[in-house]
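Reader: Please show me the structure, and then let me ask how its descriptive terms are justified.

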Amino acid sequence: MSTLSRRDWLFTAGTAATGLMLPKTLLVAQEASKEFTLPKLPYATDALVPHIDAKTMEIHHGKHHAGYVANLNKALAGTDWVGKPIEEILANLGKAPKAIQAALRNNGGGHYNHTLFWQVMSAKGGKPSAELAAAIEKSFKSFDAMLAEFKTSAMTRFGSGWAWLVAGKEGKLGILSSANQDNPLMIGAGVPILGIDVWEHAYYLNYQNRRADYVDAFFKVINWDFVSARYQAAVKM
């Protein structure tokens, strides 16, 4: 089954995803100031063409992600949570003031998820490091089997959400999906090292209802150097 339950992941991964425990290399949304800011894309908006079109990148990054950042800062304003790393916020949502928990979940999750999403893609593509390749082989039997399970997770996520490749306890890899802007950090399910956005705004201009084609295109632009580096940092926690 491609989508692991919360109980399954708590059993295999524990609570290692707490923001305070993550090495600097795993903090994807660190900020120099107290307010969160929209990160720049690590490439031009047309760099991933024909797999991801420029107009979708412009709207996705400049409108959707920017909106999450603005609403996140608005929710945090005047609270003791200003200045906390986004990972710490997401791993401790239940401790936040109840009045802003939903806003932090939706907008904080949106900020974290998208910050990671931009970085896991690259026009150069590549392949997993030897260390990550060995972990994939151990957890899924083969690289192709991992991709197939990841695609199934993305395809069976009803409505809007994400599919994730996660590094859990002792470097064990697993795949799960989450609804809306939720992510593995929110349930202590390990460190997300790869994620795909399956909200329609991520692909509809170019692929319409053909989510499967979008997922296949995503596989062609995965930045395996970045994903491998996140895995290496995760196993050293």
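Author: Q208 is placed in the loop between α7 (204–207) and α8 (211–219). Helices (H or I, at least four residues) and strands (E, at least two) are DSSP runs, numbered from the N terminus. The model is predicted: local features need pLDDT of at least 70, side-chain atom pairs count only at pLDDT 80 or more, and totals for chains, interfaces and linings use all residues. Residues are numbered from 1 along each chain as its sequence is written, and side-chain values use heavy atoms, with hydrogens and water left out.

Reader: Why is Q208 called partly exposed?

Author: Buried means under 20% relative accessible area, exposed over 50%, and partly exposed in between (1.4 Å probe, protein chains only). Q208 has a relative accessible area of 32%, so it belongs to the partly exposed class. Its phi is positive, about 50°, although Q208 is not a glycine.

Reader: What makes K141 count as exposed?

Author: K141 has 65% relative accessibility and therefore counts as exposed. K141 is situated in the loop between α5 (130–140) and α6 (143–156). Here, too, a residue that is not a glycine has a positive phi, about 80°. Most residues other than glycine have a negative phi, and most peptide bonds are trans.

Reader: Which peptide bond is cis?

Author: The bond from V49 to P50 is cis, with omega near 10°. P50 belongs to the loop between α1 (6–13) and α2.

Reader: How do you know that the reach of α2 is close to the expected one?

Author: The expected span of a helix is 1.5 Å times one less than its number of residues. Helix α2 (residues 54–76) has 23 residues, for which 33 Å is expected, and reaches 32 Å from its first C-alpha to its last.

Reader: What justifies speaking of a kink in α2?

Author: The bend at a residue is the angle between axes fitted to the seven residues ending there and the seven starting there. In α2 there is a kink of about 30°, centred on H60. H60 is also among the buried residues of α2, which include H61, H65 and Y68.

Reader: What do the buried residues of α2 pack against?

Author: They pack against α3 (86–91), α4 (98–119), β3 and α7. T56, in helix α2, serves as an example. At 2% relative accessibility, T56 counts as buried. Contact means heavy atoms within 4.5 Å, and T56 touches H201, A202, Y203 and L205, not counting residues up to four places away in sequence. T56 and Y204 are 148 residues apart in sequence, and their C-alpha atoms are 8.2 Å apart in space.

Reader: What makes the pair of E88 and K84 a polar contact?

Author: A polar contact is a pair of N or O atoms within 3.5 Å; within protein, one must be able to donate a hydrogen and the other to accept it, and residues adjacent in sequence count only if both atoms are side-chain atoms. The side chains of E88 and K84 make such a contact at 3.4 Å. E88, found in helix α3, is buried because its relative accessible area is 14%.

Reader: Why is strand β1 called largely enclosed?

Author: Seven of the seven residues of β1 (residues 161–167) are buried, so the rest of the structure largely encloses this strand. G161, A163, L165 and A167 point one way, W162, W164 and V166 the other way, and all are buried. In a regular strand the side chains alternate between the two faces of the sheet.

Reader: How do you know which strands pair with β1?

Author: Two strands pair if DSSP finds at least two bridges between them. Seven bridges join β1 to β2 (residues 173–179), and the two run antiparallel. β1 also pairs with β3 (residues 191–197) over six bridges, again in the antiparallel sense. W162 stands opposite S178 in β2 and opposite D197 in β3. A167 faces L173 in β2, while its bridge partner in β3 is V191.

Reader: What is the order of the strands in the sheet?

Author: The three strands form an open sheet in the order β2-β1-β3, with antiparallel pairing. β2 and β3 are the edge strands, each pairing on one side only. β3 is nevertheless mostly covered, with seven of its seven residues buried.
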